[in-house]
2 protein chains.
Amino acid sequence: MPDIQEGKAAIDQQIRHLQDTLYVINGKWKLPILVAVHQGNTRFRDIQRSTGGITTKALSKELKELEQNKLVLRKVYDTSPPRVECTTTSYCDTLSNMIAEMIDWGKNHRNKIKED
Amino acid sequence: MPDIQEGKAAIDQQIRHLQDTLYVINGKWKLPILVAVHQGNTRFRDIQRSTGGITTKALSKELKELEQNKLVLRKVYDTSPPRVECTTTSYCDTLSNMIAEMIDWGKNHRNKIKED
DNA sequence: CATACCAGTTACCTAAAGGATGCCAGATAT
DNA sequence: ATATCTGGCATCCTTTAGGTAACTGGTATG
């Protein structure tokens, strides 16, 4: 938690950064997609299959957002049938620590809740 | 990002942990509330005012969820007018690292996006 | 006497997220 | 010749998040 000593303005600023992050990774699919792509699933249908259950509409939308946030790179080949190859960017790696912490906490939390 | 070497089952497990975490901190208000309470705002109306804009209905709901997840403690005094005092639990401190990473990343990301 | 405050609850509404289904067009595989 | 694959898009639907406004009952304040 942010230190109680910090001024209100500084804390409000931190909350805004937090909300920026939440905004980028929000929703049901962003992280699963990121992991799937990072694993080596480059094609649209492959990503769809490996995330299990996402519709084309949702996947299409999510990929666009991930691309806008520079976490995924989409190369479109003007062939027929169309070919698109998605990869995670090196910038995507800056999420490593955060994701690791989130995984850690989620794991720990599940145990904590089970102890009720 | 999770290591590409890990098996699919392990990765799926990590995704589930991730989703657990996202589930707990989701929405517009959870983190702002947590910070407000941690700052020392214990009373319902104080929290409402210091988060700026949340309605009683939303705050009531969010506090219940935070309590269920053992991040906030609600002490209800059976007086009249009713008095409730909210505090963050020590367990809430286990979020420190994660939140710090999220703040860091959000800060960095805003700059990154501005470079377009 | 009237008003405002405590901590909510209830009913109602809107916007967004997410899902289901069907379609396109050209190419390849059976 | 028929089916299947490609990366989507259009349409319709349900679910959820979140907001608005009104109200409660007892108490303290003006």
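This short talk goes through how the protein chains of this model meet two DNA strands, first strand D and then strand C.

Please keep in mind throughout that what we are looking at is a predicted model.

Let me begin with DNA strand D, which is surrounded by 20 residues, the closest of them being A:Arg45, A:Thr56, A:Ser60, B:Lys28 and B:Lys57. If you look at which atoms of DNA strand D come within 4 Å of the protein, 64% of them belong to sugar or phosphate, while the rest belong to bases.

Which parts of the chains supply this surface? Helix H3 (44–51) and helix H4 (56–68) of chain A, together with helix H4 (56–68) of chain B, each give at least two residues to the surface near DNA strand D, and H4(A) gives the most, with four residues. Sorted by class, the residues of that surface are nine charged, six nonpolar and five polar.

Some individual contacts are worth finding on the screen. A:Ser60, which I named among the closest residues, has a polar side-chain atom 3.0 Å from a phosphate oxygen of DNA strand D. B:Ser80 also uses a polar side-chain atom, in this case 3.0 Å from a sugar or linking oxygen of DNA strand D. With A:Pro82, on the other hand, the atom is a backbone N or O, and it lies 3.3 Å from a sugar or linking oxygen of that strand.

Now let us turn to DNA strand C, around which there are 20 residues, with A:Lys57, A:Ser80, B:Arg43, B:Arg45 and B:Ser60 as the closest. Of the atoms of DNA strand C that are within 4 Å of the protein, 65% are part of sugar or phosphate, and the rest are part of bases.

Which helix has the largest share of the surface near DNA strand C? That is H4(B), from which four residues come, and the elements that each supply at least two residues here are H4 of chain A together with helix H3 (44–51) and H4 of chain B. The classes on this surface are nine charged, six nonpolar and five polar residues.

For the phosphates of DNA strand C, I would point you to three side chains in turn. B:Arg43 places a polar side-chain atom 2.8 Å from a phosphate oxygen of the strand, and for B:Arg74 the corresponding distance to a phosphate oxygen is 3.0 Å. From chain A, the side chain of A:Trp29 has an N or O atom that is 3.0 Å from a phosphate oxygen of DNA strand C.

Conventions: Residues are numbered from 1 along each chain as its sequence is written. Chains are lettered from A and ligands numbered from 1 in the order in which they are written. This is a predicted model: local features need pLDDT of at least 70, side-chain atom pairs count only at pLDDT 80 or more; totals for chains, interfaces and linings use all residues. Side-chain values use heavy atoms; hydrogens and water are left out. A residue is near a molecule or strand if one of its heavy atoms lies within 4 Å of it. A polar contact is a pair of N or O atoms within 3.5 Å; within protein, one must be able to donate a hydrogen and the other to accept it, and residues adjacent in sequence count only if both atoms are side-chain atoms. Ala, Val, Leu, Ile, Met, Phe, Trp, Tyr, Cys and Pro count as nonpolar, Asp, Glu, Lys and Arg as charged, and the others, Gly among them, as polar.
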